[in-house]
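Subject: Structure for you to look at

Hi,

Here is the structure I promised to send over. Have a look at it first, and then read on for what turned up.

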Amino acid sequence: MGTETVLFDIDLIRRYDQPGPRYTSYPTAPQFQSEFDEGALRAELRASNASGRPLSLYFHIPFCEHLCFYCACTKVVTRHREWGQPYVERLLQEMALSRRDIDAQRPVTQLHFGGGTPTFLLRADLERLVDGIQSQFHLLDDDAGEYGIEVDPRAIEPGVLALLRSRGWNRLSMGVQDLDPAVQKAVHREQSLDLVAELLHEARSLGYRSVSLDLIYGLPLQSPQSFAETLAQIISLRPDRLSLFNYAHLPERFPPQRRIRAEDLPSPAQKLEILQHSISALEAAGYVYIGMDHFALPEDELTRAQQQGQLYRNFQGYSTHANADLLAFGMSAIAMVGPSYSQNRKDLEAWGAAVDAGRLPVERGLRLSADDLLRREVITRLICDFRLDLAAVEGRHGIDFWRYFAASRRRLEELAGDGLIDLEERAITVLPPGRLLVRHVCMAFDAYLGRSQTQFSRVI
């Protein structure tokens with residue numbers, strides 16, 4: 001399931017290349033409400049204990065030494081690496097606050113350090129954080145968990161990868177974006193291939209099970225030729241996973257992007273040429289298109305999980321651990337506990353003040369309705385499997401699928417008419433021409449589209 005070749009149909013892509021959600025969650029973050037507060041999250045934490053589900057932990061480290069002009073992440077740019085120490089102390093406090101309500105003996109099957117730049121933390125601060133996590137939660141000691149960190153090869157102290165590996169970390173992801181010096185200078189992220197290769201080889205020698213590299217197409221001064229050279233160099237490193245993200249230029253929403261000149265961006269036709277060549281090159285090199293910008297080697301756990309219908313997607317991307325409650329720590333971090341989402345305060349001082357006052361720093365969230373949960377399952381399975389078993393959905397939710405989704409059927413029939421999906425009575429299958437456009441298939445089931453003025457990135 002999900003391993004056939006993705007088909008690049010230029011006419012379909014041009015017709016369907018419209019803005020839409022990325023569906024790292026459903027409902028998406030713009031639907032979160034301030035009425036969902038600390039009390040609501042604490043109630044969800046307590047209720048979740050009866051489920052027996054394992055835990056997933058996410059830690060947002062917002063600091064970056066350098067400002068990448070394309071970045072749309074929640075971050076704090078500073079060269080003061082000593083700021084990491086008080087931030088770690090508050091993360092430890094926030095964990096302790098959550099443990100008032102959560103059964104901390106539930107096993108942690110997934111753990112991720114994201115950002116920002118998690119490797120901004122000095123080694124001593126990072127070790128303090130890891131010690132705190134291990135003392136407060138039940139981490140696995142058999143290397144079976146999915147424990148990862150996002151790494152900036154320009155900002156990592158010697159010995160950090162070895163430290164984390166000795167504590168059970170087994171995955172890392174690394175932002176590369178582009179290797180062309182002119183492009184790197186234009187986006188203010190300069191790093192050499194040798195630096196990337198050195199860190200990748202160190203991770204492999206230490207026994208990290210999966211190394212993922214990120215690239216971005218659509219950056220200023222990129223050309224189809226220059227990006228093809230970058231991709232060839234990256235493929236030569238043979239990362240286990242590779243993400244190929246579309247740069248969404250939204251300077252009115254993300255101020256750092258105002259430093260990128262619109263006239264330096266590749267044209268829409270050039271971007272499509274870059275994407276088409278990249279897909280062909282990756283498939284020729286043996287990579288499998290997992291979906292939503294992600295590729296993996298055939299033997300990778302993501303590929304195997306997709307083939308077995310066990311792939312999952314959340315705020316950290318694709319995962320092999322679906323049935324877990326996600327606890328999130330740090331400014332702006334998003335949790336998913338039971339039938340709820342909650343997001344921490346996005347301002348560093350406001351987040352810290354709440355923690356210092358002994359409160360979980362919740363800014364907003366949402367408790368999902370039965371309809372939300374149903375549509376979330378439909379969207380998740382389409383994104384992960386490229387196929388939806390209607391009988392299975394009906395059995396779990398007690399509905400007649402086509403009666404319930406009568407309003408979606410007309411749009412689905414249009415997609416089927418264009419060859420994006422195969423619409424059967426008992427299944428919906430996303431066909432190879434529709435896989436790059438799977439967000440459009442999901443949008444047919446989104447009950448919230450059109451209710452807000454949220455700006456989404458283009459599908460391609």
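One term before the rest: a pocket here is an open set of grid points where a 1.4 Å probe fits, with protein on both sides within 12 Å along at least five of seven lines, and its lining residues are those with an atom within 4 Å of a point. Please keep in mind that this is a predicted model.

Let's start with the second largest pocket. Its volume is about 560 Å³, and 19 residues line it. If you want to find its centre on screen, look for Tyr312, Ala322, Asn323, Arg376 and Glu377, the lining residues that lie nearest to it. Two elements give two or more residues to this lining, namely helix H12 (370–385) and helix H13 (390–397). H12 supplies the largest share, with five residues. And what is the lining made of, by class? There are seven nonpolar, six polar and six charged residues in it.

Those two helices turn up again at a small sheet region, so to speak: three strands form an open sheet in the order S18-S20-S19, with antiparallel pairing. Strand S18 (387–389) and strand S19 (421–423) are at the edges; each has a single partner strand, so one side of each has no neighbour in the sheet. From one strand to the next, the twist averages 10°. Between S18 and strand S20 (residues 427–430) there are three bridges, again in the antiparallel sense. You can check one of them by eye: Arg387 has Thr429 in S20 as its bridge partner.

H12 packs on this sheet and touches S18 and S20, with its direction at about 135° to that of S18. H13 also lies across S18 and S20, and it runs at about 50° to S18.

The other thing to look at is a helix pair. The axes of helix H3 (residues 84–98) and helix H4 (residues 123–136) come within 9 Å and cross at roughly 5°. Angles under 35 degrees count as roughly parallel, so H3 is roughly parallel to H4. On the H3 side, the contact involves Gly84, Gln85, Val88, Glu89, Leu91, Leu92, Met95 and Ala96. Facing them in H4 are Asp125, Arg128, Leu129, Gly132, Ile133 and Gln136. Sorted by class, this contact has seven nonpolar, four polar and three charged residues.

Cheers

Conventions: Residues are numbered from 1 along each chain as its sequence is written. This is a predicted model: local features need pLDDT of at least 70, side-chain atom pairs count only at pLDDT 80 or more; totals for chains, interfaces and linings use all residues. Side-chain values use heavy atoms; hydrogens and water are left out. On a 1 Å grid over the protein atoms alone, a cavity is a set of points where a 1.4 Å probe fits but cannot get out, and a pocket is an open set with protein on both sides within 12 Å along at least five of seven lines; lining residues have an atom within 4 Å of a point. Grid points are joined across faces, edges and corners, and a volume is the space filled by probe spheres set on the points. Helices (H or I, at least four residues) and strands (E, at least two) are DSSP runs, numbered from the N terminus. Ala, Val, Leu, Ile, Met, Phe, Trp, Tyr, Cys and Pro count as nonpolar, Asp, Glu, Lys and Arg as charged, and the others, Gly among them, as polar. Axes are lines fitted to C-alpha atoms, for helices over the stretch in contact, and angles run from 0 to 180 degrees between N-to-C directions. Angles under 35 degrees count as roughly parallel, over 145 as roughly antiparallel, 65 to 115 as roughly perpendicular and the rest as oblique. Contact means heavy atoms within 4.5 Å. Two strands pair if DSSP finds at least two bridges between them.
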